[in-house]
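Dear colleague,

I am handing this structure over to you, and I would be grateful if you could open it beside this message. The notes below the display are meant for someone who has not looked at it before.

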Amino acid sequence: MLSNLRKLAVTHKVIPILHINDMCCSKMRTGLQTLKPYVSLGRSYSSLPGLIGNDIKSLQSVISPPIAKIRNIGIMAHIDAGKTTTTERILYYSGYTRSLGDVDDGDTVTDFMAQERERGITIQSAAVTFDWKGYRINLIDTPGHVDFTLEVERCLRVLDGAVAVFDASAGVEAQTLTVWRQADKHEIPRICFLNKMDKTGASFKYAVQSIREKLKAKPLLLQLPLGEGKAFKGVVDVVSKEKLLWNPTSDDGKDFVRIPLLEVSDPELFKETTEARNALIEQVADLDDEFADLVLGEFSENFDLLPAEKLQTAVHRVTLARAAVPVLCGSALKNKGVQPLLDAVTMYLPSPEERSYEFLPWYKGDLCALAFKVLHDKQRGPLVFMRIYSGMIKPQLAIYNINGDCTERISRLLLPFADQHIEIPSLTAGNIALTVGLKHTATGDTIASSKSSALAAARRAETGGGKKHRQNNEAKRLLLAGVEIPEPVFFCTIEPPSLAKQPDLDYALKCLQREDPSLKVKLDPDSGQTVLCGMGELHIEIIHDRIKREYGLETYLGPLQVAYRETILNAVCATDTLDRTLGDKRHLVTVELEVKPTETASVTPVIEYAGSVSEDLPKASQEATENGIYSACLQGPLLGSPIQDVAVTVHSLTIHPGTSTTMISACVSRCVQKALKKADKQILEPLMNLEVAVNRDYLSPVLADLAQRRGTIQEIQTRQENKIIIGFVPLAEIMGYSTVLRTLTSGSATFALELSNYQAMNPQDQTILLSRRSGLTQVL
């Protein structure tokens with residue numbers, strides 16, 4: 001077995017410099033230490049997955065542990081709740097790092113981009129693989145900033161469970177609500193970790209209450225804190241009735257003791273814990289019938305006799321059913337409460353086989369995987385993260401991309417460890433893999449072993465999937481649900497330092513787009529300039545910075561502009577005729593249509609046909625007509641912004657025999673544009689949900705400033721010593737707001753933004769905008 005492992009290490013020369021303590025095989029130590037790492041982080045890592053200290057596991061368990069022992073989890077939270085710090089502690093206690101990283105020092109494992117280390121925030125999710133007490137944990141640290149919500153969305157899509165981290169002094173915050181809704185959408189079981197219990201103003205009771213009220217969740221209190229704020233020294237395990245105390249002289253928090261609670265030594269705490277345990281048992285019994293029968297049958301007289309294992313199993317079932325959420329507490333920065341959190345992850349969150357996916361039976365053990373993230377590496381090319389749902393992946397394996405309808409070959413297979421990767425010979429279902437060599441696979445693509453395998457699965461889906469799948473034309477393609485990409489709200493022009501560098505810029509933007517689907521790149525047809533569209537000021541700033549650092553291009557950004565939309569207020573009819581002779585062929589099209597506003601919101605135009613038109617219209621002509629309508633709605637008559645909330649009814653369409661579909665599209669497009677120009681037009685502007693946390697002393701100037709920004713205040717809540725302002729504000733008015741808010745509040749306030757919807761501008765503001773934009777280049 002040792003020779004096998006040594007062969008793995010020497011053959012695939014990609015393992016980072018590893019320091020394995022006290023290993024009996026000196027040859028192995030020498031072999032491992034002579035290998036070069038892919039990327040040096042300036043940190044020391046202690047071992048290969050599965051090789052911790054003296055524990056040398058079998059090669060099979062290192063590569064593919066039993067599926068019941070796998071946990072695919074994500075860490076999610078509001079910005080600055082302590083996600084990355086918690087991840088650092090998890091890696092340290094599991095034996096994968098030898099020193100504690102710090103966000104402020106810029107030396108954390110998962111925040112490895114230069115921009116992340118400078119700003120102290122997480123920008124892109126990072127995958128880390130490690131073992132804990134015999135379990136393989138694939139952990140993903142996700143961003144908390146609203147500009148990078150898509151990063152969270154695409155990672156949650158492939159996870160089996162999640163840890164929601166809360167700031168104990170703030171409870172549920174704006175972005176917490178967003179990520180919680182995303183987890184609900186993907187039906188992900190989760191546990192809550194109330195972090196920063198050592199922070200001044202931390203309140204366990206308040207944080208639990210906010211989970212109950214704002215998230216509409218049922219918290220199961222598995223722990224109670226021993227003190228709050230500066231007095232925080234440990235936690236009480238409610239299930240086992242034990243005190244967990246960390247050694248105050250320990251620098252790293254590895255040393256802690258479990259002391260059974262006795263009524264004699266601490267009667268007050270014993271009573272509080274007993275009451276909390278009884279309440280927990282009653283709460284779980286209400287949610288789980290099997291546990292209720294057990295409690296009422298054997299332990300109805302005395303809950304104290306109920307074994308901890310029975311209660312833990314019931315909590316696992318309740319968590320899996322998403323009927324309630326276990327709540328734990330601690331302080332990641334002060335190294336308290338992280339080891340019990342890891343135990344809770346293995347104990348309460350599901351393994352891949354405990355999650356049900358309706359598509360798995362269709363594949364019957366053949367390969368089925370979802371590409372959920374793409375990174376671009378200069379040396380190795382595109383790196384694709386995949387979640388394997390069934391089958392196995394090996395290097396040199398040919399795989400079929402169902403979305404792209406193409407076959408590609410995986411050249412190498414890696415185990416992800418932030419930006420250091422370990423090459424492995426195979427990986428089975430339930431794992432998260434990192435593949436090298438896939439040139440065309442993008443985020444959201446479904447992967448199968450071959451085209452014939454995909455078609456066989458499609459046939460099973462059609463026969464066994466009922467009406468729902470038979471009615472769906474895409475059933476043949478078996479696309480797993482990818483990621484919904486939100487529409488960008490900001491855009492600006494980007495220019496290279498010289499025309500000679502334009503191809504380099506195009507290549508850089510192509511790579512970045514493949515990594516980040518929320519980044520859109522367009523070419524302005526009027527000016528020929530390249531236009532960047534992004535999710536926020538920070539998003540575009542980061543992209544600009546990455547082009548400079550990673551691709552060595554000193555680009556210039558134009559002024560940041562808001563992505564407006566346009567609509568119409570009344571119904572208008574228009575007629576157009578296109579008559580062209582090209583060579584000896586005559587192209588003649590006459591179209592009559594009506595454009596009117598829709599009652600319900602619709603981003604794309606709603607297309608209808610009069611009865612006389614739809615009967616005789618060939619499919620090719622119908623597609624050409626619809627293409628013409630869609631292209632006409634991409635640029636409105638006022639600002640050149642996309643048109644939304646419109647319906648187009650085609651009343652008549654006369655096509656001369658031999659007329660090309662291109663001419664049909666051109667005629668219909670021109671007719672729609674003519675109708676839009678005749679209609680009463682309205683600009684729609686993006687409206688943002690705004691939440692500002694501000695000290696009560698600065699409340700008045702902040703409210704006055706928001707009033708000047710056309711803000712609408714919905715309510716003002718109280719959170720500890722702070723006031724929470726909740727309202728709406730137009731995106732155009734909030735640009736550069738962070739600097740103003742810092743000035744107004746001496747740097748003490750924080751705010752969070754999220755796109756709410758598009759709303760009509762009032763006539764006065766619309767006139768001001770149009771006069772300001774007139775004479776400027778109109779950009780998409």
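What follows is a short account of what was found, arranged by topic.

Please keep in mind throughout that this is a predicted model.

**Cores**

The largest nonpolar core has 109 residues, and those with the most contacts inside it are Phe130, Val163, Leu194 and Phe291. Helix α9, which covers residues 267–287, gives the most to this core, contributing 7 residues. If you would like one residue to look at from there, Val163 touches, once its neighbours within four places in sequence are left aside, a set of residues that includes Ile73, Ile75, Met76, Ile191, Phe193 and Leu349. There is also a second, separate core, which has 44 residues and has Leu509, Ile547, Tyr564 and Ile725 among its members.

**Aromatic rings and charges over them**

The structure holds 5 aromatic pairs, two of which I describe here. In one of them Phe166 and Trp180 form a tilted pair, with 6.5 Å from centre to centre and 55° between the planes. This pair links distant parts of the chain, since Phe166 lies in strand β6 (residues 161–167) and Trp180 in helix α7 (residues 174–185), 14 residues apart. Both Phe166 and Trp180 are buried.

In another pair, the ring centres of Tyr507 and Tyr551 are 6.5 Å apart and their planes stand at 80°, which is over 60 degrees, so this pair counts as edge-to-face. Here too distant parts of the chain are linked, with Tyr507 in helix α16 (residues 502–515) and Tyr551 in helix α17 (residues 537–551), 44 residues apart. Tyr507 has a relative accessible area of 45% and is therefore partly exposed.

Two rings have a charged residue over the face: Lys69 lies over Tyr135, at 4.4 Å from the ring centre, and Arg565 lies over Tyr758, at 4.3 Å from the ring centre.

**A sheet with helices packed on it**

Four strands form an open sheet of mixed pairing, in the order β30-β31-β33-β32. Because β30 (572–582) and β32 (606–609) stand at the edges and have a single partner strand each, one side of each is left without a neighbour in the sheet. On average, and with direction ignored, neighbouring strands of this sheet are turned by 25° against each other.

The edge strand β32 pairs with β33 (residues 646–655) in the parallel sense over 4 bridges, and Ile607 stands opposite Val648 in β33. Helix α19 (residues 619–632) packs on the sheet and touches β32 and β33, its direction making about 140° with that of β32. Helix α20 (residues 661–678) packs on the sheet as well, where it touches β30, β31 (585–597) and β33, and its direction makes about 150° with that of β30.

**Strand β17 and its partners**

Strand β17 (398–401) is joined to β18 (residues 406–409) by 4 bridges, and the two run antiparallel; Tyr400 stands opposite Thr407 in β18. These two strands form a hairpin with 4 residues between them, and Asp405 in the turn has a positive phi of about 50°. Strand β17 also pairs with β23 (residues 446–448), in the antiparallel sense over 2 bridges, and the bridge partner of Asn401 in β23 is Ile447.

**Single residues to check**

Most residues other than glycine have a negative phi, so the following two may interest you. Gln396, which is not a glycine, has a positive phi of about 65°, and its place is in the loop between β16 (392–393) and β17. Lys241 likewise has a positive phi, near 55°, and lies in the loop between β10 (234–237) and β11 (242–246). With a relative accessible area of 13%, Lys241 is buried.

Finally, Leu320 lies in helix α11 (residues 308–320) and, at 27% relative accessibility, counts as partly exposed. Its C-alpha atom is separated by 5.6 Å from that of Pro189, although the two residues are 131 residues apart along the chain. Not counting residues up to four places away in sequence, Leu320 touches Pro189, Pro350 and Glu354.

With kind regards

Notes. Residues numbered from 1 in each chain as written. Predicted model: local features only at pLDDT ≥ 70, side-chain atom pairs only at ≥ 80, totals over all residues. Heavy atoms only, no water. Phe/Tyr/Trp six-rings, centres within 6.5 Å; stacked < 30°, edge-to-face > 60°. Buried < 20%, exposed > 50% of the residue type's maximum accessible area, 1.4 Å probe, protein only. Lys NZ or Arg CZ within 6 Å of the ring centre and 35° of its normal. Pairing = 2+ DSSP bridges. Axes fitted to C-alpha atoms, helices over the stretch in contact; angles between N-to-C directions. Contact = heavy atoms within 4.5 Å. Core = buried A, V, L, I, M, F, W, Y, C linked by side-chain atoms within 4.5 Å.
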